[in-house]
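I set out to look up the salt bridges of this model and the surroundings of their partners. My entries follow.

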Amino acid sequence: MNEMINRRKLLQAGGALIVAFSLPMARAATPAAEKTLSPDRVDGFLAVAQDGRVTVYSGKVDLGTGVRTALTQIVADELDVSMKQITIIEGDTALTPDQGTTSGSFSIQNGGMQLRRAAATARRALLRRAAAQMDRDISTLSIRNGVVTAAGGERLPIGSLVEPTALALDIEKDAPQKAPGDYTIVGKPVRRLDIPAKVDGRFTFMQDFKLPDMLHGRVVRPSGFGATLVSYDESSIADIPGIVKVVRISNFLGVVAKSEWSAIKAAQQLKVTWSSWNDLPDQGKIWEHVRNTPVVHDDVTSRLGNSRAVLGAAPRKLRATYDFAIHTHGSIGPSCAVATFIDGKLTCWTASQATHDLRKQLAAMLAISDADVRCVYVEGAGCYGRNGHEDAAADAALLARAVGTPIRVQWMRADEHGWDPKGPPTLLDMRAGVDPQGNLAAWESELFVPDGSATFVPLTGAELAGLNSLGKLSPGGVLNDLSIPYDIPNVTTTAHRLQSTPLRPAWIRSPGRLQNTFANESFLDEIAASIGADPLDIRLQHLEDARGKELLERLAKLSKWRERREPDRNAEVVTGRGLAYVKYELVRTYVGAVADVEINRKTGALAVKRFYLAHDCGQIINPDGLRNQIEGCIVQTVSRILKEEVTFDRSMVTSLDWASYPILTFPEIPEIVIDLIDRPQEVPWGGGEPTCAVVPSAIAGAVFEATGVRLRSVPFTPRKVLAVLRAS
């Protein structure tokens, strides 16, 4: 599935033809080598071969999440072919439409539905073509396993219905899609297509990818993020065999060698002098730094009633501040890329989650046209946001242009932890007012977060080389879920967009939604405790959304929430339960969670023992894949909440290995119990991120029930837990 082929070879192989029919609505034929990339045309997404095999061109890519399997299910069911007949090509800018970045849990919700419409259009066109050939009414025909069958038994394989000349076909928005009850593949638990090859070693990860005559590159990193290159002594690596070239472009310094080990040794041994740079803030005063950073502008994300006046007059006021540390992506396999630069044209093999965007950035960096850059997706070792893949691609591109030979750049752990972009530090101030009758009357929140949105993150190599990569301050969609899903009469939620942030930012799984939901749900728990309300009841009281209420009731039943016992807060090891809820971005996937935790009051050690999840993302494509996603959300986010925090001195990141940036270990993984709410009649939403959002507040609520103290600062390390316990 990772074989690299060009357009012509792809279309010639096995007589493969872009879905083409002699139909009145079809456009004029285009040469096979000029495959359209239009997201508005069937042939942008699908091709059918004469043997009935179907090729799917997806701009959305599988980052190890099982999306490939779900997309195959969608097309197979809508087109009425076997999943075995389908091959998916992902994220190749020369072959696949630009469907946007693979992020935000949109691969199924948006990308999958584009494929469904394309397949539905193709299916109707196939039936029309068959009806003409069989001289039958289209209503008497059906397709099953890639064969059109007439009521009288006459059969035509779909491969026989394509013509030798490709015709473009517009996607019809009104092409009839199957009724939910007619699906035979969608909604069924299908084993992931990629796992067998990964288990037996046949699968080609980006880190395994090779080209003939490929050389190896390493970048020599500055001593500080803003340090400049003063000098280097090339003779200091003269004893290392196979050195091909030392490449300097302004502050970008790289070595190219015939073997990877020689490149590693050269990068470590090369004698380099950098200028002194110590302009990072004091990490011990990070939150003062955040508060003192200039505000570019304010975004009011919701306003209802007059929260200021009601809050000012409220007889009981509550305040709390929550902070969320800087996180790195921590991809288990460090980033890697391979690039060639021949005759002014760049080809880059990359695990980027956004190959079409990367193409534009690499073109800008090299000052060539977008048409002269091709980015080809090869699955890497995890992503969950904009990690170092794009930066490794930029490194490889710069070295390939300098040397004129295919170059592989493999980052090492210190590169990944030190130089990938980070989830920015996030600070939230919360206020609420309770009226004389004990009702929650007013809610205000203020978020301090960098300006910018999910766009191009500056490429590190381009920045060092003094070249343009279209990059801007890009923390991701960090304003989402600052607004709350609850019915409160007076609400104001405001984001203070900051001019800068200490480390180059980018989005990490559930950016903003995770931090904002942590503060919202934790603060609601604090309000509930102040008025003597149960955490479940206060949510149900302030919810008008029927699906949300149903989800919470199912969660309560699943977890036996109403049957829980009062904890013994005097024991050495105490236990507690916490509950959290989110309607993701207030417009899609519903998730409710209950966490069971244990806290050692003497050591401060916090263990998450169990998570109960109720999950409603509308129509479920693959329940097994969805469970995988939910479990992954829980495991990764528990790790982030209990352990993860980037450390830095005044020059650079210092958490450069797994000892200084620990993650959750296998014995620490909680038991996970899931209730999937399938709604086949509804549109499908995403499952790759929403569960993350409820994890921190559910844990914090459980800690409060167990100990009576509040954790408001992520990560919840033993040191922090002990400090809060001792202060109580």
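**Salt bridges and burial**

I looked first at Arg 408, which is buried, since its relative accessible area of 8% falls under 20%. The model is a predicted one. Arg 408 forms a salt bridge with Glu 260, with N and O 3.2 Å apart. I located Arg 408 in strand S18 (residues 407-410) and Glu 260 in helix H6 (residues 260-269); the pair links distant parts of the chain, 148 residues apart. Glu 260 has a relative accessible area of 26% and is therefore partly exposed.

I then turned to a pair in loops. A salt bridge joins the side chains of Lys 602 and Glu 572, at 3.9 Å from N to O. I found Lys 602 in the loop between strand S23 (590-600) and strand S24 (606-616), and Glu 572 in the loop between helix H15 (546-559) and strand S22 (573-583); the pair therefore ties together parts that are 30 residues apart in sequence. Lys 602 has 61% relative accessibility, so I recorded this residue as exposed. Glu 572, at 42%, I recorded as partly exposed.

Next I asked which residues are joined into one network by salt bridges that share partners. The network consists of Asp 62, Arg 68, Glu 90, Arg 192, Asp 194, Lys 198 and Glu 379. Within it I checked the salt bridge of Asp 62 with Arg 68, where the closest N and O atoms are 3.8 Å apart. I noted both Asp 62 and Arg 68 as buried.

Finally, I entered the total for the structure: 50 salt bridges.

Technical notes: Residues numbered from 1 in each chain as written. Predicted model: local features only at pLDDT ≥ 70, side-chain atom pairs only at ≥ 80, totals over all residues. Heavy atoms only, no water. Salt bridge = Lys/Arg side-chain N within 4 Å of Asp/Glu carboxyl O. Buried < 20%, exposed > 50% of the residue type's maximum accessible area, 1.4 Å probe, protein only. Helix = DSSP H or I, 4+ residues; strand = E, 2+ residues; numbered from the N terminus.
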